[in-house]
Amino acid sequence: MEKKNKNYLTGKEIRAIAKENAQIMRRLEAFKNRICDESEFVTTMHDDANILEIEDLHTYFFTEQGTVKAVNGVSYNVPKNSVVGIVGESGCGKSVTSMSVMRLIQGPTGQIVDGSIRFKAYDYQRDEDGEPVADENGEYRMEEKVYDIAQMPIHEIHRIRGKQIAMIFQEPMTSLNPVFTIGEQLDEVTLIHVPDATKEMAKEKSCEMLRLVGIIPENVYDRFPHELSGGMRQRVMIAMALAAEPRLIIADEPTTALDVTIQAQILDLLQDIKKKIDGSILLITHDLGVIAEMADYVVVMYAGKVIEKGTVFEIFQDPRHPYTIGLQKSKPTMTLDDSAELYNIPGNVPNPVNMPTHCYFKERCAKCTAKCSGEYPGMVQVSPTHFVACHLYDEENANG
Ligand SMILES: Nc1ncnc2c1ncn2[C@@H]1O[C@H](COP(=O)(O)OP(=O)(O)O)[C@@H](O)[C@H]1O
Ligand code: SF4
Ligand SMILES: [Mg+2]
């Protein structure tokens, strides 16, 4: 029988989808909790100059309303000693991508369903049982190892989370524990991540990290989080992230919850830290000004996909995707004319449960042609470092 309205699912169809989703979630949960040899998740980098390579990552949420393809085939690299900025409007999948890297996606609803997250770690050499190997002096042997984080069982994540990759969140109050002092929480990082660390060693390290982020340790060590201002708390979070000497710091909107003058101070601090640590920063923000100031490379996301990526110079001086061009116009600038309105890209992002098969930006795009109603555009390379997913540049690819 012909359905009355093709936009609505019948009860039977809803139940069938729910059953299928439950099966998928069960399978992925079992995979996450499996016991396996590290050879199952040790891999090699495609380019040795990178510390992180995300390739064709898909992270979905299986909700009762349908499957939200929050991250839908995302690929980008973070080269060693660089700052990579991720931009895109709210809800485009920036946080879900970074939470996938940290394996903090909440199951069973949220799952990494496909793709690779290759990370170059510096970890203990391990025996067949997965135990760290010590040399004749009792020192643990270290080695460089590439892990595919997407393939790691969840109980192995402690090898990298917090230690090799640290995260600074938007709202430090929710990431600090209100019942412990700043000192106790900072010491804990060293006590967990440095084998045989003593309390004295941990305290010394905590104070060193506090000084590094511009805090006099005596002023905060014995205080509780609620006794500090927002800016101070964010500094403490950065100190905590640094305490484990990570190779990669993920900063997700690190200044959004702070007022403007404090924002500038925290950004200066991050820039300072970039010079001091031998690592990379993945900086997520919807603020293009922050990206222009901090990043070496920029990745522009839209509705769960990367639509353009390149060096900071390429993205700001030679943006190609109509969305990136629109974003630049929507950036507030200093102008003598107070009445100048902020340019707004008209329209909305499509519903993440029901994405079209053509370019997701089509409904908002002023440059759209007949071709844009066809297949979703592939990535076109416009320079050795510059890529764009838009049919306007298909010719460039064809020409080499
Ligand atoms: N736990 C969840 N359940 C269902 N959908 C989610 C969940 N977390 C995030 N999403 C969806 O995933 C998409 C991407 O979210 P997010 O990565 O947080 O965006 P942003 O780019 O603002 O950081 C959004 O559409 C959001 O609604
Ligand atoms: S593919 Fe077409 S609709 Fe999409 S951004 Fe390019 S020109 Fe616009
Ligand atoms: Mg976010």
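The shell around ligand 1 leans polar in this predicted model: nine of its residues are polar, six are nonpolar and one is charged. Around ligand 2 the split is nine nonpolar, two polar and two charged. Both ligands sit with a protein chain that has twelve helices and 13 strands. Here's a quick tour, from the ligand shells to one helix, the overall fold and a few backbone oddities.

**Ligand 1**
- The shell holds 16 residues, and those that come nearest to ligand 1 are Phe61, Ala70, Lys94, Ser95 and Val96.
- Three elements each give two or more residues to this shell: strands β2 (50–63) and β3 (66–79), plus helix α2 (94–101).
- Which element gives the largest share of the shell around ligand 1? That's α2, with three residues.

**Ligand 2**
- There are 13 residues around ligand 2, and the nearest are five cysteines: Cys359, Cys365, Cys368, Cys372 and Cys390.

**Helix α8, a helix with two sides**
- Helix α8 runs over residues 260–276, which makes 17 residues.
- At 1.5 Å a residue α8 should span 24 Å, and its end C-alpha atoms are 25 Å apart, so the two figures agree.
- Which residues of α8 are buried? They are Ile266, Leu267 and Leu270.
- These buried residues cover an arc of only 100° around the axis, so they end up on the same side of α8.
- Turn to the other side of α8 and you find Thr261, Asp268, Lys275 and Lys276, which are exposed.
- The buried residues of α8 pack against two helices, α7 (230–243) and α9 (288–294), and two strands, β8 (248–252) and β9 (280–284).

**Overall fold**
- Does the chain's radius of gyration agree or disagree with that of a compact globule? For 400 residues such a globule would come out near 21 Å, and the protein chain has 23 Å, so it agrees.
- Taken along the principal axes, the C-alpha atoms fill a box of roughly 70 × 60 × 45 Å.
- As for burial, 37% of the 400 residues count as buried.
- Of the contacts with a separation of 6 or more, 65% are between residues 24 or more positions apart.

**Backbone spots worth a look**
- Glycine 107 and proline 108 are joined by a cis peptide bond, with omega at about 0°.
- Proline 108 is in the loop that links α2 to β5 (110–124); α2 is also the helix that gives three residues to the shell around ligand 1.
- Asparagine 81 isn't a glycine, yet its phi is positive, near 55°.
- You'll find asparagine 81 in the loop between β3 and β4 (83–87), and β3 is one of the elements that give two or more residues to the ligand 1 shell.
- Is asparagine 81 buried, exposed or partly exposed? It has 16 other C-beta atoms within 10 Å, so it counts as partly exposed.
- Alanine 303 is another non-glycine residue with a positive phi, about 45°.
- Alanine 303 is in the loop between β10 (297–302) and β11 (305–311).
- With 23 other C-beta atoms within 10 Å, alanine 303 is buried, because 20 or more is the cut-off.

Key: Residues numbered from 1 in each chain as written. Chains lettered and ligands numbered in written order. Predicted model: local features only at pLDDT ≥ 70, side-chain atom pairs only at ≥ 80, totals over all residues. Near = placed C-beta within 6 Å. Nonpolar A, V, L, I, M, F, W, Y, C, P; charged D, E, K, R; others polar. Helix = DSSP H or I, 4+ residues; strand = E, 2+ residues; numbered from the N terminus. Expected span 1.5 Å × (residues − 1). Buried ≥ 20, exposed ≤ 12 C-beta atoms within 10 Å, placed from the backbone. Arc of directions from axis to C-beta. Contact = placed C-beta atoms within 7 Å. Rg over C-alpha atoms; globule rule 2.2 N^0.38 Å.
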